[in-house]
Amino acid sequence: MKLTPEQIQAQLKLAGKGPVAEVQVSLDDIESFGDKASMTEMLTDIGKYKKMLAERITLINDALSATIPFTRENLYLFCAYTGSGKSTVAANITYPLWKQKKKTLVISNEESKQDVMFRIACLDLGLNFNDYKKGNMPNEDILKVVQLFPEISNYVKVLDVTYQDGLTTKVEGIKKALESVKKEESYSCVLIDYFQLIKYSLKDQKRTGYDNLNDLRIWLGQYIKSSTMPVVLFAQLYSVSKKGGAKDIDTRLKDCTSIVEPATVIIEIVPNFDNRTSEFIIHKDRFGRAGNKIVCGFEKGRYIMVSDDEVVEREKLGKLAAVDSKLDKLEAMVRNGKA
Amino acid sequence: MDKTKLIEITLTQWSAQFKSGSKKTKDARLNFEELFQKWKDLGAGFDDLYETYLPKAIKVHQPAAAVVRNTFKTLKSSYGKTEKEFSDDWNASIEATGQDVFFEFFPAVPLDKDDEPKVYGNMSATEYRAQRRYADQFPTLDTTELVKAWREQKQYNPEVDDKLENILGGGNSDETNS
């Protein structure tokens with residue numbers, strides 16, 4: 001038996017695959033703008049936005065906190081070239097929140113959980129995390145660090161790459177973790193370090209890395225709209241020199257550049273070894289500071305507020321140190337030459 | 001003679017053999033190997049070839065429209081696809097072979113590959129200088145006033161704030177985003 005076009009449409013409708021209803025925009029709809037209902041809707045949204053801003057929490061230090069409201073319903077993308085400070089920034093975000101007794105979830109698919117904890121403890125004790133990594137940290141200091149672990153772990157929860165056989169590198173694992181903390185509502189912040197390593201899927205192993213990253217990107221865009229805490233996502237950048245110094249961040253984001261779309265704030269971290277500062281370049285900001293940078297001093301692993309005068313002073317000291325170092329090398333060469 | 005010219009001449013010589021001889025799909029791998037080895041012997045690298053010359057080489061090895069049509073006519077009863085689909089499949093298989101062999105001869109160099117010694121953290125001196133030049137393009141934000149307001153938590157006039165609170169009251173009870 002052959003179905004009529006009407007019967008076919010009816011069957012499709014039953015299967016939820018019918019044609020999309022025709023869009024209607026009446027003149028009445030347009031003219032209703034400004035009536036009581038639309039005014040209430042707008043005022044309510046302004047109220048919500050204001051409340052969101054009022055709920056901002058500390059972001060690393062006062063300079064960054066004051067400039068970029070760190071609050072729920074926002075996705076903060078921190079990007080850096082490899083080895084330029086992503087994990088250090090993660091520790092610097094977590095550290096003040098722990099001190100304020102605010103709970104944070106750190107999803108780390110690169111560093112181990114003990115390293116994440118070690119970094120935070122080092123910030124509190126004024127110790128250099130790299131000394132530990134290089135095996136130069138005295139045992140007394142290591143003891144002090146690990147003694148802080150129970151206290152830190154009351155507020156800082158870490159899922160690392162060993163969790164459930166690498167679940168932090170799988171799209172489904174990240175989604176589930178984020179859904180869990182959203183339900184619980186006691187978390188102040190979630191950090192994911194880092195984006196490009198979430199390239200696998202449990203459900204479909206044939207999907208490419210890009211497909212998985214893009215899937216997560218779309219999902220995050222929906223998630224943050226009702227998130228009860230800010231979500232911080234770290235991402236790797238391509239080298240500036242290989243990308244011809246392009247000012248546009250999109251071209252330098254590795255693997256899935258469209259992560260810029262759901263991000264409400266994009267900050268690039270650029271260290272300055274000459275004056276012991278780091279620059280936080282604001283590439284995108286729903287709060288209106290894009291195109292500028294904030295310079296922070298870098299002391300014992302922490303990003304601290306510095307004045308312009310201090311930056312100038314640091315530059316002078318940096319130049320002096322560079323000259324000293326050159327002189328030392330020259331002296332050594334002369335000595336070796338004489339020898 | 002410069003390298004680019006030699007690469008072009010090698011491609012022309014390689015293409016010439018197909019004008020009289022066979023360019024069967026089953027021979028594609030061998031044919032590509034022959035060309036890529038010659039390019040390699042000239043000292044050509046991935047960046048010299050991938051975007052400019054590899055597509056030309058693949059195009060040379062892809063079948064002419066007349067050949068596709070004649071073959072399709074012969075095979076169409078057993079093939080079960082349209083002539084366009086048949087042509088696309090054939091071309092795609094040649095392209096895949098060309099790409100595959102190319103990467104065996106010229107592995108893609110990672111964009112971040114940097115053989116220079118690392119002087120600044122994980123960066124070479126060249127990379128570091130580039131990063132500094134790049135970062136210097138952005139103006140530094142004066143955060144003095146913003147920090148003052150943040151510390152005092154007095155961003156709003158209390159009177160205005162109260163009035164605003166009354167007007168916007170409805171929105172504050174709702175935790176969800178619109």
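**Reading the contact of chains A and B, and the sheet of chain A**

Visitor: How many salt bridges are there between chain B and chain A?

Guide: In this predicted model, the count between chain B and chain A is 2 salt bridges. To read such a pair, compare its N to O distance with the cut-off of 4 Å. A:Asp62 and B:Arg151 form a salt bridge whose closest N and O atoms are 2.6 Å apart.

Visitor: Which elements of chain B give two or more residues to the side that touches chain A?

Guide: They are α7 (125-135), α8 (144-152) and α9 (158-172) of chain B. Sorted by class, this side of chain B has 17 nonpolar, 12 polar and 11 charged residues.

Visitor: What is the area buried between the two chains, and how many residues does each chain bring to the contact?

Guide: Read the residue counts beside the area. Chain B brings 40 residues and chain A brings 51 residues. About 4300 Å² is buried between chain B and chain A, and carbon and sulfur atoms give 56% of it. For polar contact, the count between the chains is 16 residue pairs, with both residues at pLDDT 80 or more.

Visitor: Now the sheet. What is the order of its strands in chain A?

Guide: Read a sheet by its order across, then by its edges. This open sheet has 9 strands in the order β3-β2-β4-β5-β1-β6-β7-β8-β9 of chain A, and the pairing is mixed. Its edge strands, β3 (156-159) and β9 (302-305) of chain A, each pair on one side only. On average, neighbouring strands are turned by 25° against each other, direction ignored.

Visitor: Which helix of chain A packs on the sheet, and which strands does this helix touch?

Guide: Helix α5 (residues 86-99) of chain A packs there, touching β1 (75-81), β2, β3, β4 (187-193), β5 (231-237), β6 (265-272), β7 (277-285), β8 (293-299) and β9 of chain A. The direction of α5 makes about 170° with that of β4(A). From the other chain, α7(B) lies across β1, β6, β7 and β8 of chain A, and its angle to β6(A) is about 130°.

Visitor: At each end of the sheet, do the paired strands run parallel or antiparallel?

Guide: Take the two edges in turn. Strand β2 (residues 103-108) of chain A is joined to β3(A) by 4 bridges, and these strands run parallel; A:Thr104 stands opposite A:Val156 in β3(A). β8(A) and β9(A) are also joined by 4 bridges, but run antiparallel. There A:Glu299 stands opposite A:Arg302 in β9(A). The hairpin of β8(A) and β9(A) has 2 residues between the strands, and A:Lys300 takes a positive phi near 45°.

Visitor: Where else does the backbone of chain A show a positive phi in a residue other than glycine?

Guide: A:Glu73 has phi near 65° and lies in the loop between α4 (62-67) and β1 of chain A. Omega deserves a look as well: the peptide bond from A:Asp193 to A:Tyr194 is cis, with omega near 5°. A:Tyr194 sits in the loop between β4 and α10 (209-223) of chain A.

Visitor: How many salt bridges does the structure hold over all chains, and what can one within chain A tie together?

Guide: Over all chains the structure holds 27 salt bridges. In one of them the side chains of A:Asp124 and A:Lys99 meet at 3.0 Å, N to O. A:Asp124 is in helix α6 (residues 113-125) of chain A and A:Lys99 is in helix α5 of chain A, so this pair ties together parts that are 25 residues apart in sequence.

Definitions and conventions: Residues numbered from 1 in each chain as written. Chains lettered and ligands numbered in written order. Predicted model: local features only at pLDDT ≥ 70, side-chain atom pairs only at ≥ 80, totals over all residues. Heavy atoms only, no water. Contact = heavy atoms within 4.5 Å. Buried area = accessible area lost by both parts, 1.4 Å probe. Polar contact = N/O pair within 3.5 Å; in protein donor to acceptor, adjacent residues only side chain to side chain. Nonpolar A, V, L, I, M, F, W, Y, C, P; charged D, E, K, R; others polar. Pairing = 2+ DSSP bridges. Axes fitted to C-alpha atoms, helices over the stretch in contact; angles between N-to-C directions.
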